[in-house]
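Trainee: Got a minute to go through this one with me? I'd like to start with the strands and then jump around.

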Amino acid sequence: MRRRKITVIGAGNVGAAVAHGLLVKGLGDVVLLDVVEGIAAGKALDLLQSGPVEGWAYDVKGTAHYRDTADSDVVVITAGVARRPGMSREDLTATNARIVWEAAKQAAAYSPRAHIVVVSNPLDVMCYIALRASGFPPNRVYGQSGVLDSSRFRTFIAQELGVAGEDVHAYVLGGHGDEMVPLVRYAYVGCVPVDHLIPQTRLREIVERTKRGGAEIVSLLKQGSAYYAPAASTVQMVQSVLEDRKRILPMSVYLNGQYGLSDIYFGVPAVLGGDGVERMIELNLDDGELAALNRSVETIRRAVAAARDHLKSEGVWC
């Protein structure tokens, strides 16, 4: 029986941590790809040598060539540059748009039946780029955003109450950025609404900390950004696809009328299974929540337009 195959494009901290998580979960053979010769091969060999200790028997291959990714079941795109001092958001978007376009196009050519999970930032914009570059249907191209943001939200609530994080159920919607929308009204600890347990003032502080979750880690590290939690969130998504778990996960998906939005990638709860995004869950939002989401929408649309114009200027947008 053919073993499952997962390709991770980008062998930086996030990509390597994703590869490790996939192996720990026993999800299949892993190909780690990076355009810098030797980086992926070295990390893959290191991972392979940990197999006898950690107890997995899957193959790990590092490469700089897309032909080695052929017939992958899932392709995870983590490739891209981090924002550096003096780099504008527009510069970051333009640079990563070109990288993600090439990664998605090449991956799709070698693995036409694969699912693409986007992790590169700015996340919602890069999902749209990957969709257009791959030519795949939208149900097979989606992004890891809300799983991570919601995990941060759940963590801070759990810390506040001194309970297990897995017993906190909460969603963060919207774009993966400063204008994300943590939904306090839909947050529960066990079966108890969180606003019955935590004062509103403190909840607002937790919401703001969630929005700054990534930036807080960057400020502590000085160099680099988060990778353990992003990787764990990505692995959860891949597992739900490969094992057809049909998990309800908040993630960046292509909307075509849902929530009154069309032709945009946006973070909402969706059922993720063997067919990819099988359906979206439309929550009943109040006026304040809708207003917050609409602010996030405008930011994403402007960024997508800028990325599209940049790729057109390079002659690669189609």
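Mentor: Sure, we'll take the strands, then side chains, then backbone oddities. Keep in mind that this is a predicted model.

Trainee: OK, β4. Which way do its side chains point?

Mentor: They alternate. V74 and V76 point one way from β4, which covers residues 74–77. V75 and I77 point the other way.

Trainee: And are those residues buried or exposed?

Mentor: All of them are buried.

Trainee: Which strands does β4 pair with?

Mentor: Strand β1, residues 5–9, is joined to β4 by 4 bridges. Strand β5, residues 115–118, is joined to β4 by 4 bridges as well.

Trainee: Parallel or antiparallel for β1 and β4?

Mentor: Parallel. β4 and β5 also run parallel.

Trainee: Give me some residue registers. What is the partner of T7 in β4?

Mentor: T7 has V75 as its bridge partner there. On the β5 side, V76 is bridged to V117.

Trainee: Let's stay with V117. What does it touch beyond its sequence neighbours?

Mentor: Leaving out residues up to four places away in sequence, V117 contacts V74, V75, V76 and I77. Y142, T234, M237 and V238 are on its list too.

Trainee: How far apart are the C-alpha atoms of V117 and V74?

Mentor: 7.4 Å, with their positions 43 residues apart along the chain.

Trainee: Is V117 buried or exposed?

Mentor: Buried. Its relative accessible area is 1%, and the cut-off for buried is under 20%.

Trainee: Switching topic. How many disulfides?

Mentor: The count is 0.

Trainee: What about C127 and C191, buried or exposed?

Mentor: C127 is buried, at 0% relative accessible area. C191 is exposed, at 69%.

Trainee: Aromatics next. How many aromatic pairs?

Mentor: The structure has 2 aromatic pairs. In one of them, Y227 and Y228 have ring centres 4.6 Å apart.

Trainee: Why is that pair called tilted?

Mentor: Because the ring planes of Y227 and Y228 meet at 40°. Stacked needs under 30 degrees and edge-to-face needs over 60, so 40° falls in the tilted class.

Trainee: How accessible are Y227 and Y228?

Mentor: Y227 is partly exposed at 25%. Y228 is exposed at 63%.

Trainee: Where does the charged end of R140 sit?

Mentor: Over the ring of F136, 4.4 Å from the ring centre.

Trainee: Now the backbone. What kind of peptide bond joins N121 and P122?

Mentor: A cis one, with omega about -5°. P122 is in the loop between β5 and α4, the latter covering 123–134.

Trainee: Which residues other than glycine have a positive phi?

Mentor: D71 is one, with phi near 65°. K246 is another, with phi near 55°.

Trainee: Why flag those and the cis bond?

Mentor: Because most residues other than glycine have a negative phi, and most peptide bonds are trans.

Trainee: Where are D71 and K246?

Mentor: Both are in loops. D71 is between β3 (60–63) and β4. K246 is between α8 (228–242) and β12 (247–256).

Trainee: And how accessible are D71 and K246?

Mentor: D71 is partly exposed, at 45% relative accessibility. K246 is partly exposed as well, at 40%.

Trainee: Thanks, that covers my list.

Terms used:
Residues numbered from 1 in each chain as written. Predicted model: local features only at pLDDT ≥ 70, side-chain atom pairs only at ≥ 80, totals over all residues. Heavy atoms only, no water. Buried < 20%, exposed > 50% of the residue type's maximum accessible area, 1.4 Å probe, protein only. Helix = DSSP H or I, 4+ residues; strand = E, 2+ residues; numbered from the N terminus. Pairing = 2+ DSSP bridges. Disulfide = S-S within 2.5 Å. Phe/Tyr/Trp six-rings, centres within 6.5 Å; stacked < 30°, edge-to-face > 60°. Lys NZ or Arg CZ within 6 Å of the ring centre and 35° of its normal. Contact = heavy atoms within 4.5 Å.
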